[in-house]
Amino acid sequence: MTEQRDLYQEIILDHNRNPKNCGALDHCTHSANGYNPLCGDKLQVQLVIKDNVIEDIKFHGNGCAISVASASMMTQVVKGKTVEECLSLFGDFREMVTGNVCPMETAKKLGKLSVFSGVKDYPTRIKCAILCWHTLKAALHGEEDDITTEDE
């Protein structure tokens with residue numbers, strides 16, 4: 001178990017140091033801003049959606065390692081997916097990090113996102129991991145108000 005935990009920590013640290021899809025999109029069709037007042041994480045998610053499919057996605061902002069890594073990995077996973085698939089992934093991810101399902105049950109669905117299953121043991125970190133997902137959901141729904149992790 002220690003080897004697996006070390007691997008998971010290394011993956012999260014790598015995505016924090018070298019985030020994927022970080023930056024701004026010049027011509028996004030959807031965007032939303034998210035804020036975690038507990039940790040101070042702030043980010044914006046920008047999307048290009050065409051024919052109900054996420055063609056491109058980027059995020060930018062400031063956050064802790066878990067927040068940045070989660071956003072980085074999320075953007076990799078949802079690119080090319082339909083809006084409905086993304087919303088389903090949001091639900092699965094939320095259930096996993098809050099400890100409402102066995103991580104093994106969601107590992108198949110979430111793949112590499114399963115590295116965040118351990119945050120369920122650290123309640124204050126759950127909001128760090130899920131901030132980008134709430135922000136993505138707000139962007140997909142066209143919500144104009146900034147979202148916070150306190151809204152859930």
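This is a guided tour of a predicted model, with suggestions for what to select next and what is found there.

**Helix H2**

Begin by selecting residues 65-78, which form helix H2. H2 has 14 residues, and the distance from its first C-alpha to its last is 20 Å, close to the 20 Å expected at 1.5 Å a residue. Twelve of the 14 residues are buried, so H2 is largely enclosed by the rest of the structure. Among the buried residues are Ile66, Val68, Ala71, Met74 and Val78, together with several polar ones, including Ser67, Ser70, Ser72 and Thr75.

Keep H2 displayed and pick out threonine 75, which is found in this helix. Threonine 75 counts as buried because its relative accessibility is 0%. If neighbours within four places in sequence are left aside, the residues in contact with threonine 75 are Lys20, Asn21, Ile57 and Phe59.

Then follow the chain out of the helix to glycine 80, which comes after H2 and has a positive phi, near 90°.

**The crossing of H2 and H5**

Next add helix H5, residues 123-140, to the selection. The axes of H2 and H5 come within 8 Å and cross at roughly 35°, and the crossing is right-handed. On the H2 side the contact is made by Ile66, Ser67, Ser70, Ala71, Met74 and Val78, while H5 contributes Arg125, Cys128, Ala129, Leu131, Cys132, Trp133 and Leu136.

Proline 123 is also found in H5, and it is exposed, with a relative accessible area of 59%. A C-alpha to C-alpha distance drawn from proline 123 to serine 67 gives 14 Å, for a pair that is 56 residues apart in sequence.

**The largest nonpolar core**

Now colour the largest nonpolar core, which has 42 residues; the members that touch the most others are Leu47, Ile54, Val78, Phe93, Phe116, Trp133 and Leu136. Strand S2 (41-50), strand S3 (53-62), H2, H3 and H5 each supply at least two residues of this core, and H5 gives the most, with eleven residues.

Centre the view on leucine 136. Apart from neighbours within four places in sequence, leucine 136 is in contact with Val45, Leu47, Ile54, Ile57, Met74, Val78 and Cys86.

**Helix H3**

Select residues 83-97 for helix H3, which has 15 residues and spans 21 Å from first C-alpha to last, close to the 21 Å expected at 1.5 Å a residue. The buried residues of H3 are Val83, Cys86, Leu89, Phe90, Gly91, Asp92, Phe93, Met96 and Val97. Just after this helix, glycine 99 takes a positive phi of about 80°.

**Three salt bridges**

The count of salt bridges comes to three, and each can be shown as a pair of side chains.

- Aspartate 92 and lysine 109 meet at 3.7 Å, N to O. Aspartate 92 lies in H3 and lysine 109 in helix H4 (residues 103-110), so the pair ties together parts that are 17 residues apart in sequence. Aspartate 92 counts as buried at 15% relative accessibility, whereas lysine 109 is exposed, with a relative accessible area of 54%.
- Lysine 79 and aspartate 56 form a salt bridge at 3.4 Å, N to O. Since lysine 79 lies in the loop between H2 and H3 and aspartate 56 in strand S3, the pair ties together parts that are 23 residues apart in sequence. Lysine 79 is partly exposed at 34% relative accessibility, and aspartate 56 is partly exposed as well, at 23%.
- Glutamate 10 forms a salt bridge with arginine 17, where the closest N and O atoms are 3.0 Å apart. Glutamate 10 counts as partly exposed, with 41% relative accessibility.

**Two asparagines with positive phi**

Most residues other than glycine have a negative phi, and the last stop shows two residues that depart from this pattern.

Select asparagine 21, in the loop between helix H1 (2-17) and strand S1 (30-36). Asparagine 21 has a positive phi of about 55° and counts as buried at 19% relative accessibility, because buried means under 20%.

Finally, move to asparagine 52, in the loop between S2 and S3. The phi of asparagine 52 is positive, near 70°, and this residue counts as partly exposed at 34% relative accessibility.

Conventions: Residues are numbered from 1 along each chain as its sequence is written. Side-chain values use heavy atoms; hydrogens and water are left out. Helices (H or I, at least four residues) and strands (E, at least two) are DSSP runs, numbered from the N terminus. The expected span of a helix is 1.5 Å times one less than its number of residues. Buried means under 20% relative accessible area, exposed over 50%, partly exposed in between (1.4 Å probe, protein chains only). A nonpolar core is a set of buried Ala, Val, Leu, Ile, Met, Phe, Trp, Tyr and Cys residues joined through side-chain atoms within 4.5 Å. Contact means heavy atoms within 4.5 Å. A salt bridge is a side-chain nitrogen of Lys or Arg within 4 Å of a carboxyl oxygen of Asp or Glu. Axes are lines fitted to C-alpha atoms, for helices over the stretch in contact, and angles run from 0 to 180 degrees between N-to-C directions. A crossing is left-handed if the near helix is turned anticlockwise from the far one by less than a right angle, and right-handed if clockwise.
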